[in-house]
Amino acid sequence: MKIELLAPAGDLERLQIALLYGADAVYIGGQDYSLRANALNFSLDDMQKAVNFAHNLNKRVYVTVNIVFHDKDLKGLEKYLQDLDNIGIDGIIFSDMVVLELANKLNCKFEKHVSTQASTLNHEAALFYKNQGVCRVVLAREASRDDIKRIKEETGLDLECFIHGAMCTSFSGRCVLSNYVTNRDSNRGGCAQVCRFCFKCDNNKDIFSMTPKDLNMVPFIEDMIEIGVNSFKVEGRMRSIYYIATIIDAYRRIIDLVVNKSLTLAYINYYLDILNRCANRDSTPQFYDKLAGESEQYFLGRDEVSNQDFLGKVLNWQDGIVTLEQRNYFKIGDVVEIFGPNMEPMTIKIDKIWDENMEEIEVARHPRMIVKIPCNVKVKENDMMRLKVFDIKDYL
Amino acid sequence: MKNNYLVSVNNFEEINEYKKVGINTFLFALEDFSIGYLNTFTVEEINNYVDSYVLINRLLDCRDIDNLKEILPRLNVKGIVYEDIGVFQLVKKLNLNLELIFFQNHFGTNAQSIKYWLDKGVNAVFCSNELTYKEIELLVNSNKNSVVVQVLGYNQAMYSRRLLLSNYHEHFKLVNKKDCILEEINSKMHFRAVENTYGTVLYNGKLFNGLRLTNLDNVRYFYINGTFLGVKKVIEYLNGLKTDCDDGFLEKETIFKLKGESK
């Protein structure tokens, strides 16, 4: 069975990072009809570039056409679907059946995937979609292990499950709090995340939010592969390149370890620490092995933390010197780690920093300044430098 | 008064009161398969009302589908109002003689999607509560006698699988309650939260009164959600004796792009 690691990409740079760091496929949104209406998203020209880039690597691109359409939104949809087909995208992810009907009528060659917005939790619903020409169902994030296994057994469909990232408090598609509180339509990409706002209950003094912790399926990837999940999806089309690189790199390595039958608890613990450090919220498996309860939520407002671990993006390496675009403050004496696709993380103690004119400096303090540091081992463009916090040797 | 109201009832005593004002079609929330309704009913209780509809508005997992497979053939009613597409698939598979009314909350927003379901064999489709009057009018005129329009009651704003009230009360070590009022701090907006074993529903705290939608012709049913209202209040609103409520999005179009015009 083909296992697919599926990454989010909010723009071309993120798309390239995701694919280079090990994603087998990416999902992107166009400038219309996508549920991240306020992200940059992709023009048709960008999509063509994305498809060319991905296909050159033998990888895939899916496009979200997942808003719930009002009548006036339908104007232009037919041409848009034809354009997507001409570009050569590999699939669409939809929630409104009008999209499927139109794509079938137009004989579009791309695959049709039902979005998690449809909140599919059972085999009969999945069978309905299968009978309509759908080849993949993105299951509800609330689907349990038993449900996923049963749906696979009963339908044989490709199943896509979220494995990492933010969760909705509600079933996807079943929340219009944003409409009521902010007049922004959540099912057309305007969600203001009202569930993360602060509430009072029955005039009790305690202020709380309904914010769920993030999803993190590291401990269950092997099990998910065993029960037949095909596509392992990471949430976050609006996340940074560092986030995408870290998360995709970690899951790529975990999946490969599973396939090679060499995943151990030590690796699981190491990658859990890496992923938790990268996110700004705690994460848990949520609904997979139990009903998500009190400990799967935050209650006291936005209890979120961020760090400055991402120090720089590698631009090039030549003659033992790596050139970086700085992203966070670092200085001589810091112990850092360069990581990237197809390499093991490499530890460096910084003993020199030069600016772009090769003048020696003590600290790299300005965002996006170009700096150089010595590095004996060759690294590549798009590798990343982070503060060294964890060492795999401590886990093995 | 129109004669095609569909009303969800809280108890059997309400039925006689509704019949006195010419309302004869009722919706019963099915025990263990519905959410967000304060009172639910067993199959045996509902079967006493053969012209009624049964509400199955939960999203169902595989075990629920197995259980429903046993229950559906025992229903002796006019039809089912359902949220989960698995119910449609199951009824067709079992070849049951039940009307199917699709009530996928917040969907039902364009005429073509509604037509899609009608073509598949659904008998009627609820339109979304988040539409303008003109949008609803278009849906109804495009799919004559096949659209159900909600005209009175508290509108569902969110449905979660999480037990949000139990979690809250557990976290703050308070006595658990299954029916609470939540206030969003900044907007001061209120939401009524109702929880059962299967999750939590939040309703907008303002009562929706869209009774002017009853001016539309060719509507299959005008739906009144009688939960939290009760028969006395419903009839007062129908008779125009009460008007103190909100018309939702009927004249307030939502936006979804922050820059530029709403599309």
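Here are a few exercises on this predicted two-chain model, each with a worked solution.

Residues are numbered from 1 along each chain as its sequence is written, while chains are lettered from A and ligands numbered from 1 in the order in which they are written. Because the model is predicted, local features need pLDDT of at least 70 and side-chain atom pairs count only at pLDDT 80 or more, though totals for chains, interfaces and linings use all residues.

**Exercise 1. Find how many helices and strands each chain has, and compare its radius of gyration with the globule rule.**

Step 1: Go through the DSSP runs from the N terminus, taking H or I runs of at least four residues as helices and E runs of at least two as strands. Chain A comes out with 10 helices and 22 strands, and chain B with eight helices and 11 strands.

Step 2: Take the radius of gyration over C-alpha atoms, and use 2.2 Å times the number of residues to the power 0.38 as the globule rule. Chain B has 263 residues and a radius of 18 Å, close to the 18 Å from the rule, so chain B is as compact as a globular protein of that length. For the 396 residues of chain A, a compact globule would be near 21 Å, and the 22 Å of chain A agrees.

Step 3: Now box them in along the principal axes. The C-alpha atoms of chain A fill roughly 65 × 55 × 45 Å; those of chain B fill roughly 50 × 50 × 40 Å.

**Exercise 2. Work out which parts of chain A touch chain B.**

Step 1: Count residues in contact, meaning that their C-beta atoms, placed from the backbone, lie within 7 Å. That gives 61 residues of chain A against 55 of chain B.

Step 2: Look for elements of chain A that each supply at least two residues; among them are α4 (97–105), α6 (145–155) and β8 (199–201). The largest share, five residues, belongs to α5(A).

Step 3: Sort by class, with Ala, Val, Leu, Ile, Met, Phe, Trp, Tyr, Cys and Pro as nonpolar, Asp, Glu, Lys and Arg as charged, and the others, Gly among them, as polar. The chain A side has 27 nonpolar, 17 polar and 17 charged residues.

**Exercise 3. Describe how the two domains of chain A meet.**

Step 1: An automatic or database domain assignment supplies the bounds: domain 1 is 4–171 + 212–290, and domain 2 is 310–394. Their C-alpha centres lie 32 Å apart.

Step 2: Across the boundary, 11 residues of domain 1 are in contact with eight of domain 2. On the domain 1 side, α10(A) gives the largest share, four residues.

Step 3: By class, that domain 1 side has seven nonpolar, one polar and three charged residues.

**Exercise 4. Decide how α1(A) lies against α9(A).**

Step 1: Fit lines to the C-alpha atoms over the stretch in contact, and take the angle, from 0 to 180 degrees, between N-to-C directions. The axes come within 9 Å and cross at roughly 20 degrees.

Step 2: Angles under 35 degrees count as roughly parallel, over 145 as roughly antiparallel, 65 to 115 as roughly perpendicular and the rest as oblique. α1(A) is therefore roughly parallel to α9(A).

Step 3: Name the residues: A:Glu13, A:Arg14, A:Ile17 and A:Ala18 of α1(A) meet A:Ile241, A:Ile244, A:Ala245 and A:Ile248 of α9(A). They divide into six nonpolar, no polar and two charged.
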